[in-house]
Structures are given as C-alpha cells and as structure tokens.
Amino acid sequence: MSNENVSCKIEHHAMLFAFLAKRAIESCGEDGKAAILDGMTIYGNERGARMAKRAIANGDPLNTMTNQAYGEWQCDYEGQMEAGTLRTEPTLQTYVTRCAWCDAWKKHNMLEYGKLYCVNVDKAVYEGFRSDLTCTPTTTSLSFGGSRCEFDWEYPLTPEEVDALAAKKKELGTSCMKDFNFHTLHLKTTISKTLIERLGEAGERAVELALKDYADTFGQEYLDALLADASFNPLAV
C-alpha cells in the first residue's frame with residue numbers, strides 16, 4: 001500500500017499517543033509521565049493557536065462562540081462520538097457520553113496510558129485559542145472511569161450567540177477540518193520533540209519503541225505516512 005492510500009482514523013491518533021505514553025513511562029517513570037503531559041499541553045496549545053489564526057484571517061473575534069465554531073476534526077463515521085450541550089448560560093457546559101479515543105484505548109487494552117491524553121487537552125486547546133480562556137472539567141472523565149465527560153467553558157453563549165454559532169458552522173462547513181493523517185502527524189511531531197527535549201536519550205528510545213509499536217499494530221505504511229513530510233509545520237493553517 002502506498003502512503004497516498006493511507007487514511008489514518010481516530011484509532012490511529014489515539015493509539016500513537018498511548019504507545020508514546022507507555023514507552024515514556026516505562027523508560028522514565030514519573031519523569032516520563034510529566035514529559036507526556038507537557039507534550040500534550042504544547043500539542044493542545046498548537047491546535048488552539050491554529051484555530052485562532054484561521055478565525056483571525058476570517059475577521060472573526062476570539063471568543064467562546066468562535067472557539068466552538070472553528071473545530072478542526074470530525075468523526076470517522078456517524079455515531080462514533082456522542083456529545084451535546086448541558087446549558088449555554090450562565091456558562092456554556094458540554095458533555096461527552098461516548099468517546100472514540102476511549103473506545104480505541106479499550107479495544108487495545110491501553111486505557112491506562114491513553115487516559116493521560118484527557119488530562120489537559122481540552123484546556124490546552126482553549127488556552128491556545130486565547131490565552132485567558134479556561135476550560136474546566138466538572139466530572140471524572142470517561143477514560144478515568146466516569147459516566148461521562150463534562151466541561152465548563154467559563155463564558156456563556158447568549159441566545160444571539162447560539163444562533164451565530166449555528167450560522168458560522170454552516171458558513172465554514174468542512175473548510176477548517178483536517179484529516180487524521182494531519183492530526184496524527186502533528187501528534188507525533190510535537191510529543192516526540194517534547195519527549196526527546198525532556199528525557200534525552202531515554203526519550204529518543206521511547207519514541208523509537210512507540211513508533212515500532214504503532215507500525216506493528218497498523219502496518220509499516222501507516223508509520224511511513226507519518227515520516228514522509230519533513231517540512232511539517234503544526235501551526236500552518
């Protein structure tokens with residue numbers, strides 16, 4: 001199979017993270033865990049910054065409404081995720097009752113490592129979008145054994161903003177979406193760089209082992225697709 005025919009899905013993205021977390025923690029214990037969490041903060045900040053650049057380019061303000069409008073990923077198929085809105089005022093609160101990332105980690109018996117993805121990714125993306133915004137989990141997340149994930153986004157969506165959000169999503173369509181080849185490459189690039197910077201030679205070895213795990217699980221062509229673009233820029237819109 002050529003790289004051009006490789007189509008990464010949420011499962012590939014989820015499992016690459018889990019393999020990186022597993023190998024970092026096996027190699028360096030708590031230092032490995034700390035490096036993984038640092039990497040996820042950087043990764044989330046980069047995602048949010050990319051969303052913000054696109055919103056600014058379109059002349060839109062950076063606020064809670066536009067943050068919700070400028071999401072960059074969509075499910076692989078209908079029903080893969082189950083999520084919704086709890087309330088819009090006095091602050092926006094949302095929930096997730098089925099998560100494709102959790103499903104992937106459970107399928108491969110890697111929830112112990114995969115759940116570290118959930119510790120700060122939503123907060124990091126939101127803060128990357130605008131540094132003074134804060135997303136707060138209000139329940140124990142699905143990956144940590146909760147019945148559903150819940151998030152408080154700090155600011156309300158007024159009735160006018162709810163209408164504006166629907167209109168903005170319709171206007172944008174899929175123009176902001178990036179496929180999971182991109183997202184998985186972004187994850188590999190940023191987390192690998194962080195592990196190597198924080199852990200040195202042990203980080204390099206952890207990355208090598210994780211990429212082998214990934215290739216052994218999905219096939220070498222899926223790894224080759226992530227190694228093909230040496231000029232990858234995670235902040236490019």
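This is a short chat about the pocket, cavity, core and sheet of a predicted model.

Q: Before we start, what kind of model is this?
A: This is a predicted model, where local features need pLDDT of at least 70, side-chain atom pairs count only at pLDDT 80 or more, and totals for chains, interfaces and linings use all residues. Residues are numbered from 1 along each chain as its sequence is written, and side-chain values use heavy atoms, with hydrogens and water left out.

Q: Cool. How much space lies in the largest pocket?
A: About 1400 Å³. A pocket here is an open set of points on a 1 Å grid over the protein atoms alone, with protein on both sides within 12 Å along at least five of seven lines. Its volume is the space filled by probe spheres set on the points, which are joined across faces, edges and corners.

Q: And which residues are closest to its centre?
A: Gln68, Trp73, Val96, Asp122 and Trp153, out of 46 that line the pocket. Lining residues have an atom within 4 Å of a point.

Q: What sort of residues make up that lining?
A: The lining divides into 30 nonpolar, 12 polar and four charged residues. Ala, Val, Leu, Ile, Met, Phe, Trp, Tyr, Cys and Pro count as nonpolar, Asp, Glu, Lys and Arg as charged, and the others, Gly among them, as polar. Elements supplying at least two lining residues each include helix 1 (10-57), helix 6 (159-172) and strand 2 (93-98). Helices (H or I, at least four residues) and strands (E, at least two) are DSSP runs, numbered from the N terminus.

Q: How many cavities of 30 Å³ or more are there?
A: The count comes to one, and the largest cavity has a volume of about 50 Å³. A cavity is a set of grid points where a 1.4 Å probe fits but cannot get out.

Q: What lines the largest cavity?
A: Among them are Cys118, Asp122, Lys123 and Phe151. Helix 5 gives the most to this lining, with three residues. By type, the cavity lining has six nonpolar, one polar and two charged residues.

Q: Switching topic: which residues touch the most other members of the largest nonpolar core?
A: Ile36, Trp101, Tyr117, Leu195 and Tyr214, in a core of 68 residues. Helix 1 brings the largest share, 18 residues. A nonpolar core is a set of buried Ala, Val, Leu, Ile, Met, Phe, Trp, Tyr and Cys residues joined through side-chain atoms within 4.5 Å. Buried means under 20% relative accessible area, exposed over 50%, partly exposed in between (1.4 Å probe, protein chains only).

Q: What does tryptophan 101 touch?
A: Leaving out residues up to four places away in sequence, Trp101 touches Ile10, His13, Ala14, Trp73, Met81, Tyr117 and Phe180. Contact means heavy atoms within 4.5 Å.

Q: Now the sheet. In what order do the strands come?
A: Four strands form an open, antiparallel sheet in the order 1-2-4-3. Strand 1 and strand 3 (136-137) are the edges, each pairing on one side only. Two strands pair if DSSP finds at least two bridges between them.

Q: How many bridges join strand 1 to strand 2?
A: Five, and these two strands form a hairpin with five residues between them. Valine 96 in strand 2 stands opposite alanine 83, and cysteine 149 in strand 4 is also a bridge partner of valine 96.

Q: Last one: why does glycine 79 count as partly exposed?
A: Because its relative accessibility is 33%. Glycine 79 is in the loop between helix 2 and strand 1.
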